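Student: Could you take me through one part of this structure up close, and then show me how the rest is put together around that view? I'd like the strands and the helix pairs in one connected account.

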Amino acid sequence: MRKSIVYHIGTMLVLLVLVQGCKSEKKKPVVTSEPIAVNYLEETKKDFDTRMEWWRNARFGMFIHWGPYAIPAGMYNGKPVDGIGEWIMNNAHIPITEYEVYSKQFDPKKFNADEWAMIMKEAGMKYVVITSKHHDGFCLWDSKVSEYDIIDFSSYKKDILKALSTACKKQGIKFGVYHSIMDWHHPDAQSINYPEYNNASKPGGNPNFPSYLENYLKPQMKELVDDYDVEIMWFDGEWIDEFTHDQGKELYQYVRSLKPNILINNRVDKGRQGMQGMNKADADYAGDFGTPEQEILEGSSTLDWESCMTMNDTWGFKKNDHNWKSAQTLIHNLIDVTAKGGNYLLNVGPTSEGLIPGPSVERLKAVGKWLQSNGEAIYNTEKLKNNYRQGNDILFTKSKGKDVYYAVCLTKPKPEVTIEHLQPQEGTKVTLLGSSVPLKWTYEQGKGTTISVSAPVLEELNEEYAWTFKINGNEIENKISE
Ligand code: H79
């Protein structure tokens with residue numbers, strides 16, 4: 001009986017769909033060969049918020065700088081080369097044909113995409129951005145418009161991006177690529193800013209740059225978006241003279257047209273103000289988020305932003321760079337960025353063999369361990385309306401859409417801690433993340449919430465980096481810290 005009702009309903013639905021189908025078939029406008037132009041720069045705030053949602057909730061991602069520069073690893077002719085490792089071609093003035101020898105040799109036998117994805121996962125990272133192509137021009141996938149790639153040029157001959165994209169998908173990690181607009185290898189892109197790789201006799205830069213954009217860069221965008229599940233297109237090298245604001249807007253439109261819900265950083269256009277990374281206000285620049293580099297915004301921002309940072313002093317691997325930031329610094333940076341409404345894109349520079357350096361892995365494990373108990377103060381959070389911090393030692397975050405607040409202490413809490421900016425709901429329990437023991441608290445108007453931190457609770461937590469109070473309640477509006 002039931003079956004037949006279901007069957008009949010099913011038949012009716014099919015008929016309805018058919019009838020509807022015919023109706024809409026009749027009404028269809030005349031089809032022309034012109035594509036329907038959508039202006040992706042005129043998105044509603046609601047559509048923008050929807051597109052940005054996963055990224056805003058993710059907070060923490062891995063940046064990977066990897067390419068042939070991992071072979072010299074900061075050394076040239078037996079001497080150390082100053083500066084960031086992936087710039088060695090420029091900094092040591094290495095001729096193209098000589099640099100190509102590294103590219104040929106590139107053969108990372110120990111690369112294991114699943115291991116990398118596991119390192120991200122255990123670190124609590126929710127997305128990754130890897131160099132599909134850095135300024136040196138070498139491509140980590142089998143690009144159909146290039147012979148200068150991992151399959152056609154190097155000894156390795158396996159598609160690195162494909163392996164990583166697949167491995168990340170298995171772990172639920174979103175995949176993004178860093179793609180340099182500046183290209184020191186492509187003859188149509190070598191720039192006047194970099195005379196070693198340019199015919200400096202051409203004023204105004206490389207006259208063939210528009211052809212490079214149309215016939216090389218854009219086809220590469222299509223390959224990456226179509227075949228690698230790219231969710232973030234992270235441009236760089238946009239400052240060269242050849243690249244214009246109009247080309248930036250056009251490139252943005254093009255990449256969005258390939259995948260309307262993709263995210264694109266502000267280096268797709270010319271708006272970025274140096275290393276601070278946010279856009280200038282003098283024009284309508286394309287790009288979904290600002291990109292402070294090696295720094296964190298001074299205060300919070302209502303715009304979307306992501307701080308990218310190294311763990312030592314280089315992006316691409318340098319064998320002599322041992323200047324590692326401590327796990328504590330990395331954790332404090334993540335908290336600081338989160339409280340100010342940003343994301344943290346933390347870099348690793350794998351070796352030429354394909355290994356993420358031990359000191360990086362060690363630190364990422366410590367961050368991951370901290371996030372295991374404190375993650376709810378980071379993921380799916382928003383900044384507070386009035387204050388993101390109290391003094392230098394306490395930072396605030398808030399669960400999205402809930403009256404749940406977090407006060408993260410960067411130093412070990414004293415037996416009594418007063419949180420000036422939060423008021424707990426009556427009768428609510430205040431805890432430290434990682435412990436379920438309720439802590440005694442009192443609230444006094446004008447002073448704030450004083451929490452008694454019991455010594456055994458602290459001891460049992462055995463935390464060394466940052467301590468998070470969780471408070472159901474509300475924000476006190478009259479205190480402005482910045
Ligand atoms: O990929 C990594 C580096 O190789 C690349 N960006 C990160 C993510 C990079 N870092 N530093 N640089 C490139 C040096 C570029 C500096 C400058 Fe400029 C370019 C100085 C002047 C032009 C950036 C744009 C700062 C001011 C304008």
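**From one strand pair outwards**

Tutor: Let's start with a single residue pair: Tyr443 has Thr449 of β18 as its bridge partner. This is a predicted model, by the way, so keep that in mind as we go. The pair belongs to a set of four bridges that tie β17 to β18 (residues 448-452), and these two strands run antiparallel.

Step back a little and β17 and β18 turn out to be part of an open sheet of three strands, ordered β14-β18-β17, with antiparallel pairing. The edges are taken by β14 (416-419) and β17 (441-444); each has a single partner strand, so one side of each has no neighbour in the sheet. From one strand to the next, the twist averages 20°.

Now set that beside the other sheet. Here seven strands line up as β7-β6-β5-β4-β1-β9-β8, again in an open sheet, but the pairing is parallel. At its edges you'll find β7 (263-264) and β8 (306-309), and since each has a single partner strand, one side of each is left without a neighbour in the sheet. For a closer look inside this sheet, pick β4 (residues 127-133) and β5 (residues 174-180): six bridges join them, and they run parallel. Among the residues facing each other there, Thr131 stands opposite Tyr178 in β5.

On to the helices. Two packed helices are described by the angle between their axes and the distance between the axes, and that gives us a handy way through three pairs.

Take α5 (residues 113-123) and α6 (residues 160-171): their axes lie 8 Å apart and the packing angle is about 45°. That angle makes α5 oblique to α6, and the crossing of the two is right-handed. On the α5 side the contact uses Ala113, Asp114, Trp116, Ala117, Met118, Met120 and Lys121, which meet Ala163, Leu164, Ala167, Cys168, Lys170 and Gln171 of α6. Sorted by class, that contact of α5 with α6 has nine nonpolar, one polar and three charged residues.

Next come α7 (residues 209-227) and α8 (residues 245-258), whose axes cross at roughly 25° and come within 10 Å. That makes α7 roughly parallel to α8, and α7 passes α8 in a right-handed crossing. From α7, the contact draws on Phe209, Pro210, Leu213, Glu214, Leu217, Lys218, Met221, Lys222 and Val225, while α8 brings Gln247, Glu250, Leu251, Tyr254, Val255 and Leu258. The class count for α7 with α8 is ten nonpolar, one polar and four charged residues.

The last pair is α9 (residues 327-339) with α10 (residues 358-374), packed at an angle of about 50° with axes 9 Å apart. These two are therefore oblique to each other, and their crossing is right-handed. Ala327, Leu330, Ile331, Leu334 and Ile335 of α9 meet Arg363, Ala366, Val367, Trp370 and Leu371 of α10. Here the contact of α9 with α10 has nine nonpolar, no polar and one charged residues.

How far should you lean on all this? The mean pLDDT of the protein is 91, and 89% of its residues reach 70 or more. Residues 1-29 are another matter: pLDDT stays under 50 over that stretch, and the model gives it zero contacts beyond four places in sequence.

How values were computed
Residues are numbered from 1 along each chain as its sequence is written. This is a predicted model: local features need pLDDT of at least 70, side-chain atom pairs count only at pLDDT 80 or more; totals for chains, interfaces and linings use all residues. Side-chain values use heavy atoms; hydrogens and water are left out. Axes are lines fitted to C-alpha atoms, for helices over the stretch in contact, and angles run from 0 to 180 degrees between N-to-C directions. Angles under 35 degrees count as roughly parallel, over 145 as roughly antiparallel, 65 to 115 as roughly perpendicular and the rest as oblique. A crossing is left-handed if the near helix is turned anticlockwise from the far one by less than a right angle, and right-handed if clockwise. Contact means heavy atoms within 4.5 Å. Ala, Val, Leu, Ile, Met, Phe, Trp, Tyr, Cys and Pro count as nonpolar, Asp, Glu, Lys and Arg as charged, and the others, Gly among them, as polar. Two strands pair if DSSP finds at least two bridges between them. pLDDT is the predictor's confidence in each residue, from 0 to 100.
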